[in-house]
Each structure stands twice: as structure tokens, then as C-alpha cells.
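Here is a short tour to follow in your viewer, one selection at a time. Load the model, pick a cartoon view and keep the selection box handy.

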Amino acid sequence: MTLVAAERPTPLRLVDQFQLGLDAPICLTWELTYACNLACVHCLSSSGRRDPNELSTAECKRLIDEFERMQIFYVNIGGGEPTIRSDFWELVDYATAHHVGVKFSTNGSRITPEVAQRLASSDYVDVQISLDGATPEVNDAVRGAGSFDTAVRAMERMAAAGFVGFKLSVVITRQNVSQLDAFQALADRYRAQLRLTRLRPSGRGADVWDELHPTAEQQRTLYEWLLAHGEQVLTGDSFFHLAGYGESLPGLNLCGAGRVVCLVDPVGDVYACPFAIHDEFLAGNVRSPGGFDRVWKSSALFCDLRRPETGGACASCGSYDACRGGCMAAKFFTGLPLDGPDPECVLGHGEPRLAAVGDTIPPRPSPDHSRRPRGPAAPVAVALLPRRPNRAGDEHPLAAAGAAHHPH
Amino acid sequence: MPPTVPTGTTDFDPSLPWALHPQVSLRPESFGALAYHFGTRRLSFLKSPTLLAVVSSLATQPTGRDACTAAGVAADELPTYERALATLAESGMICERSAS
């Protein structure tokens with residue numbers, strides 16, 4: 001994005017202005033279904049099975065009408081695997097006809113040559129193909145057997161149809177951070193743009209975060225790689241916690257949750273961000289009187305998030321202005337207080353606090369639409385088990401079959 | 001098909017007629033406006049209400065400079081606003097139109 005300055009500066013810096021919220025989100029993530037043909041170990045939305053209460057086609061269209069009235073330029077559609085919905089293309093067409101652009105995330109399984117052709121001929125639809133390893137070994141361990149080939153086949157079809165600049169979307173993990181150049185080469189090969197996002201301990205990601213999140217040293221590597229690649233690589237502003245190293249990465253560098261972004265889930269629940277599917281961050285439902293507009297403008301949660309922050313335990317840190325304390329969801333799901341450092345604080349302030357959390361059980365993500373039970377199954381068992389047992393004797397989470405899909 | 005390269009012209013000449021690119025939408029905000037280009041998928045922030053007024057009136061003013069003046073930009077502020085318009089032209093948000 002571009003900042004176009006003009007003389008008389010606004011009384012507030014733009015970042016402070018955004019902190020206070022806007023009349024409508026700049027960017028909105030809309031998960032259309034919890035159904036997914038994959039079962040990625042780190043799925044943010046714990047997707048798998050469709051929820052019987054998902055918004056109907058008519059309700060989705062009413063919501064699109066609202067987005068149009070609020071002048072939300074585009075929505076990031078995800079899931080689950082959104083293309084599984086039988087009305088997916090109908091909704092895409094409806095949105096673009098109503099001046100709401102669509103960028104959708106997919107694992108590529110339904111990108112046939114015909115679909116690729118159709119996408120290539122549309123001005124208002126963009127596509128993100130998810131891939132979490134530049135090799136089948138690394139990718140399939142997270143996203144499931146065969147998912148690398150599926151994604152690459154989809155990219156081949158997009159390129160063959162002449163769709164230039166679709167997105168290759170990668171969640172950075174301990175296992176793939178050494179493949180940054182290989183991801184870039186893959187993107188270049190199919191004339192795609194690389195998009196890297198941060199692994200969050202959200203959804204099923206909470207179960208595997210310990211094993212998958214990058215080490216401190218890897219974060220540094222990633223930071224330097226991102227600085228070197230500038231605006232050529234998209235990040236969805238997800239690495240603003242790395243600004244604590246010194247230089248800001250391109251983008252807004254703030255947590256936009258409930259201020260400039262939010263999530264609408266398949267049953268119409270509105271959460272502060274795609275990484276915070278938990279009652280604690282639930283602002284309301286689009287089916288309630290006043291619809292999405294009222295939730296966005298006047299829910300107690302969003303009004304609270306828009307109040308100026310003090311920085312809490314981070315206030316005295318010289319880097320607070322750069323990293324703004326990091327990611328709310330990452331803190332919440334690792335059991336850290338929201339007004340303290342990010343668990344991956346680049347200055348190392350998160351680690352002692354994580355150690356202090358110890359065996360206390362952090363909040364469990366909710367709801368869960370996984371196709372098979374995961375981790376400790378019953379609530380009672382959850383209470384009895386430390387959340388992160390030594391997994392030496394367990395089935396390694398990365399050995400689990402399947403993959404799902406991250407929306408953002 | 002989404003072009004990744006901005007479709008705008010190269011240099012901004014304030015003595016020519018300009019207009020918002022037909023694929024760009026403006027959303028007024030308290031700080032100015034958000035501008036979104038559906039073709040390039042780029043988002044820009046217009047950081048003052050005056051700049052929004054300038055951009056909104058481009059299509060109805062004979063030249064870029066006239067649009068600035070009509071929006072109340074003082075002579076000593078013109079270079080700043082022309083630079084802002086040049087940035088918008090560079091990213092394809094505004095484009096030259098044929099004189100009417």
C-alpha cells in the first residue's frame with residue numbers, strides 16, 4: 001500500500017488513527033464454511049466438518065449488500081475450503097457485481113483448467129494458493145499427503161490460463177523457513193506473488209505451535225530476508241512483531257484487530273481477527289438486529305479494542321512503538337497477558353513469561369470443527385493433562401495425515 | 001485478469017487534465033480517504049481531507065493544478081499537493097484524461 005502525504009498533516013499519525021478504528025474495516029476476512037477436504041495440523045479455524053448453522057446463500061448475499069453499503073473494497077474469503085460450498089461461484093459473482101472484490105484462499109483441489117480460465121478472465125477476483133513447504137516432504141507433513149502436488153498442479157493451471165500475479169501463500173514454520181528462496185523461485189516460476197504469514201497458536205495451531213513456530217535465530221533470518229525483498233513479498237502485515245529488531249517492514253505495522261480488520265465466520269459470528277476464534281474475541285453475529293454494520297460500529301468488544309493502549313508491561317520497552325506489543329492472539333493462546341510481550345518478542349521478553357505459564361492450561365480455541373478429535377479429547381482430560389506434554393511417546397502431530405487451510 | 005504492473009502514466013504534469021482511474025474507489029475517512037484500485041489491488045491512503053477534495057474534483061477541473069486551487073490549496077502548498085498527485089499517478093490511481 002502507499003501512503004500519500006500532503007502538507008498539513010493530520011493531527012494524529014495514521015497508525016494512531018487506525019488504532020481508534022474506522023467506520024468500516026479496510027480488510028475483512030470471511031470464512032464461508034468450516035468444511036474442508038484437508039486437515040492441516042495448524043488450521044487456524046479448526047476446520048473439517050461443515051457447521052449445520054452456516055449462513056445460507058440468501059444470508060450471504062445480504063451480507064455482501066452490507067459490505068457494499070459500507071464500501072468495503074474487498075473481502076478475503078477463506079474457510080475451511082471455500083470452494084466446497086456449492087454456491088461459491090454464485091457468491092463470488094454476486095460480490096463482484098456489487099463492487100466487493102474477492103480474494104479467496106484455496107488448497108487448490110478444485111482449481112480445474114476451466115476454473116483457472118474463468119478466474120483469469122475476471123478483473124475482480126484474486127486467488128491465494130496455500131502451500132507450507134517448498135518440497136512435498138515439508139509441506140505434506142503439515143497439510144497432508146498429496147497436498148503439495150495438488151497445490152502445484154493448481155499453480156500450473158493458473159499459469160497456463162494466463163493468470164498473472166495470483167498469490168502463493170505460505171505460513172512460515174521452523175521446518176520451512178530455510179526454504180524462503182525456494183518459495184520465491186516457485187512463485188516466479190508460475191508468475192505468482194509470494195505471500196508469507198506468521199504461524200499463530202490459533203485453532204489446531206495451538207497443538208503444534210511449540211514444534212512449528214520459528215526459533216529466535218530463524219526469526220532474525222526471516223526479518224532480514226523480508227527487508228531484502230521489500231514490497232515484492234506480501235505479508236498481510238503479519239510480522240509487525242519483527243519491527244522490534246529495528247526497522248519496520250513494509251505495511252501498517254500494527255494489530256488491526258477490531259480496528260481495521262475483523263473476521264466473519266461461517267455461522268455469521270464476528271471475531272476481532274482471523275486468529276482469534278474464541279468467545280473472548282467474539283463481538284457479535286451478523287444475524288442480529290443491525291447486522292454486521294452494528295457489530296462493527298458499536299459492539300462492546302470492538303469499542304474496547306479501539307481505546308488507546310498503554311503498553312502494559314511493554315510500556316517501558318524502547319521498542320514498544322515499533323512492535324506495539326505484538327500479536328494479541330499469539331499472546332492469548334499461549335496463556336500470556338494481552339498487555340505484555342508477544343511470545344515471540346524478538347528482544348526475548350516473551351520466553352521467561354512463557355516459562356512462567358508452565359503447566360497452566362492456556363485458553364482452548366473454540367469452536368472446533370475438526371473431523372476427528374484432537375489432543376486431549378474430553379474437557380476433563382484437558383484439565384488433568386499439561387497442555388504440552390512431552391510428545392516423545394505420542395504420535396507426533398506432524399505425522400498426522402491431512403491438512404487444512406489458513407484463511408489469511 | 002489482474003495486472004500486477006500499475007497501468008498509470010509515467011510523469012505527472014499538473015498542467016494537463018487528470019481523473020481518478022475508472023477502477024479506483026474512494027472511501028472518505030476522518031483522516032482523508034482510502035483509495036483502492038481494483039485492477040492493481042493496491043490500497044493507498046490519502047492523508048488529508050484536502051487531498052481527497054483535490055482528487056475528487058480532478059475529473060471536472062481543466063487541469064491538475066486547477067483541481068488543487070479549487071480545493072483551496074494555497075500557492076505555497078501547491079508543490080506538496082502536486083507531489084502527492086504524482087505519487088498517485090505513479091501507482092495508477094489517477095490517470096490523464098483527454099481534454100474536454
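Begin by selecting A:D269 and A:N285: the bridge partner of A:D269 in β10(A) is A:N285. Keep in mind that what you have open is a predicted model.

Now widen the selection to both strands around that pair. Strand β9 of chain A covers residues 269–271, and its pairing with β10(A) is antiparallel, with three bridges.

**The whole sheet**

Next, colour the strands of the sheet. Nine of them form an open sheet with mixed pairing, and in chain A you can walk across it in the order β7-β6-β5-β4-β3-β2-β8-β9-β10. From one strand to the next, the twist averages 25°. Which strands stand at the edges? They are β7 (193–198) and β10 (282–285) of chain A, and each has a single partner strand, so one side of each has no neighbour in the sheet.

**The β7 edge**

Jump to β7(A) at its end of the sheet. Is this strand largely enclosed or left open by the rest of the structure? Five of its six residues are buried, so β7(A) is largely enclosed. Its pairing with β6(A) is parallel and runs over six bridges. To see one matched position, select A:K167, which stands opposite A:Q193 in β7(A).

**A helix over the sheet**

Keep β6 (167–172) of chain A in view and add β5 (125–130): α6(A) lies across these two strands. Relative to β5(A), α6(A) runs at about 150°.

**Two helices together**

Now show α6 (residues 147–161) and α4 (residues 113–120) of chain A. Two packed helices are described by the angle between their axes and the distance between the axes. Here the angle is about 50° and the axes are 8 Å apart. The two helices, α4(A) and α6(A), are therefore oblique to each other, and their crossing is right-handed.

For the contact itself, display side chains as follows:

- From α4(A), pick A:P113, A:A116, A:Q117 and A:A120.
- From α6(A), pick A:R157, A:M158, A:A160 and A:A161, which the α4(A) residues meet.

By type, the residues of this contact comprise six nonpolar, one polar and one charged.

**Zooming out**

Finally, reset the view to take in chain A, with its 15 helices and 10 strands. Colour by burial and 50% of the 408 residues count as buried. If you draw a contact map, residues 24 or more positions apart account for 71% of the contacts in chain A with a separation of 6 or more.

Definitions and conventions: Residues are numbered from 1 along each chain as its sequence is written. Chains are lettered from A and ligands numbered from 1 in the order in which they are written. This is a predicted model: local features need pLDDT of at least 70, side-chain atom pairs count only at pLDDT 80 or more; totals for chains, interfaces and linings use all residues. Axes are lines fitted to C-alpha atoms, for helices over the stretch in contact, and angles run from 0 to 180 degrees between N-to-C directions. Helices (H or I, at least four residues) and strands (E, at least two) are DSSP runs, numbered from the N terminus. Angles under 35 degrees count as roughly parallel, over 145 as roughly antiparallel, 65 to 115 as roughly perpendicular and the rest as oblique. A crossing is left-handed if the near helix is turned anticlockwise from the far one by less than a right angle, and right-handed if clockwise. Two residues are in contact if their C-beta atoms, placed from the backbone, lie within 7 Å. Ala, Val, Leu, Ile, Met, Phe, Trp, Tyr, Cys and Pro count as nonpolar, Asp, Glu, Lys and Arg as charged, and the others, Gly among them, as polar. Two strands pair if DSSP finds at least two bridges between them. A residue is buried if 20 or more other C-beta atoms lie within 10 Å of its own, exposed if 12 or fewer, and partly exposed in between; C-beta atoms are placed from the backbone.
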